[in-house]
Each structure stands twice: as structure tokens, then as C-alpha cells.
Amino acid sequence: MMNQNTLSAFLDSSKSTRFHKLLLGLCTFIIIFSGYELSVFGAIVPVVIREWKISPTEIGFIGSSAMFGMMFGAIVLSSLADKFGVKKLLIVSIFIFNFFIVMATFTESGLMFGLCRFMAGVGSGGATPIVISLLTEYSPKTNKAKMVAVAICGNQVGGMLAPFVAIHIMPEYGWQPVLWLSVLPLILIPLFIKLIPESARFLAKTQQSEKLNSILVRIDNDYEKKLAATEQVLIKSDDGNKPAEKVSYLNLFSKKYFVGTVFITLIYICGLLTINGVNIWLPQVMNQNGYALGSSLTFSIVLNLGTLIGTILWAVTVDKVGFKVLMPLIYIAGSVSLFCMGVKVNLIVTYLFVGLIGMFAFAAHSLMNSFASQYYPGEIRTTGVGLANATGRVGGMLGPIVGGMLLTANVSITVWFLTFAIPGIVAALSMVIINMHKKYIERKNIVQDKVMLGG
């Protein structure tokens, strides 16, 4: 069986090739439709409310059904991926979330629509951590954060696509055809089966040498010599003599990772509370405050465009300066931008604030996926990122409900946006605590090493 440490070191030190570009393209495409699934409900909400005559609070619960499904999917499907293979579970996830989005077009009640949203959420929740794990595993070390962030930008592309399609389709044909775009990934599943690679770590662990070699040769034609050289370097540094560390799910809550796991969870909850609350309700909030439906949907496009720009910008920046200082600053700037939305100004400035919300508050959450995937070791990376995405869905479920309740209570636009600004401050403080604890653990390990060497 191939040494896991040698394999990981080889993949980390590899150069970017056509294999990596193809993998990035496939993963980004998958995330685009996951983002479409998340945003399309917000785009059709104003029409659904009138057609089904249901209250904002009820709509909030329907919107949250997808988040509950995503929580379930992220926990179950990502943990199954570690056991049965990343590729199999990713294909299953793609089928589930797109199939049930299409099925939602045949519903005639909030209950059945909510059930389809839940099932779509299960698939989408499973796909995201699996994609992040796959990209983190295969990406060269210098490009990990960048590649994950670019793929996660698919959420924003899907988020812009949803209101764009709604603006052009819904006035003439109704809300149902807006969901039919999800047929495309279903048609492409045979292509995904052919092109998406299985996890190299999984193939090595299950001793599927032939399949592993066929992947490694696509990364480097001279992979055998490179693996041998990498192994020699690791042996000299004593890392090659160490077997791959066996890490169980419980290690997420060990002394080393407990504080990080708790506060990463809290950050995900805060991030998704704001993202889903604002995503679902922004068109309706702006519509209720005097903006026409077309221009209200344009706010969603600007929001996602800002997120797209921010995600790429921070991904490039974080590879140079690190997460430590950058992340808290981005979260704080996002909270300030949300607070400013409560101040009545002209339309151009309002669009600017919406773009800044995306650039800071929303993009920060995209960057958190890169942070979480690098915080945990390879053995529990999929499970760790899956847990963070899953528990974060609690915030995702609360966001639409809180937003709907605030609208039902007729609070001012200032109070509405201030409510969604507060979680960003909490996330910034949580990031500071994670960094402080990580530094403490590193110092403690250095002291222990010195004591052992002295002994």
C-alpha cells in the first residue's frame, strides 16, 4: 500500500496541469448549480407569495427547509464519502439536488415545495464539502486556497444566474420554468462519471493501484520517480517512517481541535444566517420599501457580483498574507456594509452598499471553506469540512425564518439590516479566538519538544 504521507507530499508539490484545470472546471460547474438552487427560491418568492397567498413567516420556513436538508446531507453524505469513495457520493449528491429542484416545479402547495427543497438541500449539502475536499487534496500547495475559492465562486455565479433567469422568464411564463435549468446537470451525469477522479487517498487506502496510477500519470508523466524522490526526502526528515495518522471523527473534538471546531462551527452559523436571510429576503425587502420587482431582483445580481469579486480578491490575498488578520477585517467590513443598508440614500449608493455586502460579508464565508479545509489534517478533512457545513446550516435555517419574522413584525429597514450585521462581529471575534488558541497549541508543542530533547 502506498504511504499516505508520501502521496500527500507528492500532490502538494505537483505543478498545476490540465488535470487540475479540468477538475477545477468540473467542481465549479457543480457549485454553480448548488448556488442556483440556493438563490432561485429568493428570486421567485415575490411571485410565490402572491400566487399561494402565504405569509412571509411561512415562506421563511419553506426557505429554511433546504438548509435543514443541507445540514443532513453535509453530515451523512460527506461521512459516507470517507468510507465508500468521494466520487460515488459526489455523483449521488449531484443527482439528488438537481432532480428534486426539477420536481419542485410540479408541486402546488407550500408543504410539497418545502419537501422538495429539503431533498434538494440534502444533495447540495453533500456536494459542497466533497468538492472542497477533492480540490484541497489534489491542488498544489501554493494554489489550494485559490482553487477552493474559485470553485466556491460558483455559488455566486449561480446566485446571479437565478435572478437573471427569473427577470427574463418569470413575467411571461411564471416561476416554474425558472427551476427547469437544473435539468442540465442531470443530463451531464454520464460525463461527470467519466471525468471526475476518485480521491487519491481513498484509492491508496483501498489498494486500487491501477486506478490511482491512471490519475497520477495525468498529474505528472514522471510520477513514479517523483514519488520515490519524495519518499526519500520524507524518510530523511523522519516523516516517511511515520504511518499515516489514524484520526477518528472524535478527533475533531480532541484538545488540539476542540476550540477550533467549536468556533469554526459558530462562524459558519453566523455566516449562513446572514447569507441565507439576506439572499432569500433581499428582493422582497427592497420591493416592500418602494423598489420595483425588476430592480429588486437586480439587487441580488449586484450582491452576488460583489461576492464573486470579493471571493477571488481575498483568495489571492490570503495566499500571500494568511487568514489570521484578513478574516476578522473582512467580517467587520461586511457588518458595517450591512448596517449602512439601513440608511436611506440614493439608488446608486444603495447598489454600492449591496455590492460591498457581497464583497465582504458573503465572500468571507466562501474563504472560510478554504480555512476549514486547511485547518484539519487530510484524514478528517472531508468530515471536518462536512461538520462545519452541516452545523452551519442551523444559521442557514434561522436566517430565512428571522428575516420573515422581522418582515411580519413590520420592523424598519434599519433594524432589519442591523439584525443581519451582528453575526459578522461575532464571526470576527471567533476567528481571533481560533488564531489565539492555535498559537497557544503551537507554543505548547515547542515547549514539550524542548523538554523531551533536554531529557
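Q: How do the residues lining the largest cavity divide into nonpolar, polar and charged?
A: This model is predicted. In the lining of its largest cavity, one residue is charged. The others divide into seven nonpolar and 14 polar.

Q: Which residues lie closest to the centre of the largest cavity?
A: The volume of this cavity is about 280 Å³. Its lining counts 22 residues. The closest to the centre are Leu-38, Asn-155, Gln-156, Ile-275 and His-365.

Q: Which helix supplies the largest share of the lining of the largest cavity?
A: Several helices each give at least two residues, among them α2 (18–52), α6 (144–173) and α12 (258–288). α13 (293–321), α15 (347–375) and α16 (381–408) do so too. The largest share is five residues, and it comes from α12.

Q: What is the volume of the second largest cavity?
A: The structure holds three cavities of 30 Å³ or more. The second largest has a volume of about 90 Å³.

Q: Which residues are closest to the centre of the second largest cavity?
A: Here 13 residues form the lining. α12, α14 (323–340), α15 and α17 (413–454) each supply at least two of them. The closest to the centre are Gly-271, Thr-274, Tyr-331, Ala-361 and Gly-424.

Q: How many residues in the lining of the second largest cavity are nonpolar?
A: No charged residue is found in this lining. Five of its residues are polar. The nonpolar residues number eight.

Conventions:
Residues are numbered from 1 along each chain as its sequence is written. This is a predicted model: local features need pLDDT of at least 70, side-chain atom pairs count only at pLDDT 80 or more; totals for chains, interfaces and linings use all residues. Side-chain values use heavy atoms; hydrogens and water are left out. On a 1 Å grid over the protein atoms alone, a cavity is a set of points where a 1.4 Å probe fits but cannot get out, and a pocket is an open set with protein on both sides within 12 Å along at least five of seven lines; lining residues have an atom within 4 Å of a point. Grid points are joined across faces, edges and corners, and a volume is the space filled by probe spheres set on the points. Helices (H or I, at least four residues) and strands (E, at least two) are DSSP runs, numbered from the N terminus. Ala, Val, Leu, Ile, Met, Phe, Trp, Tyr, Cys and Pro count as nonpolar, Asp, Glu, Lys and Arg as charged, and the others, Gly among them, as polar.
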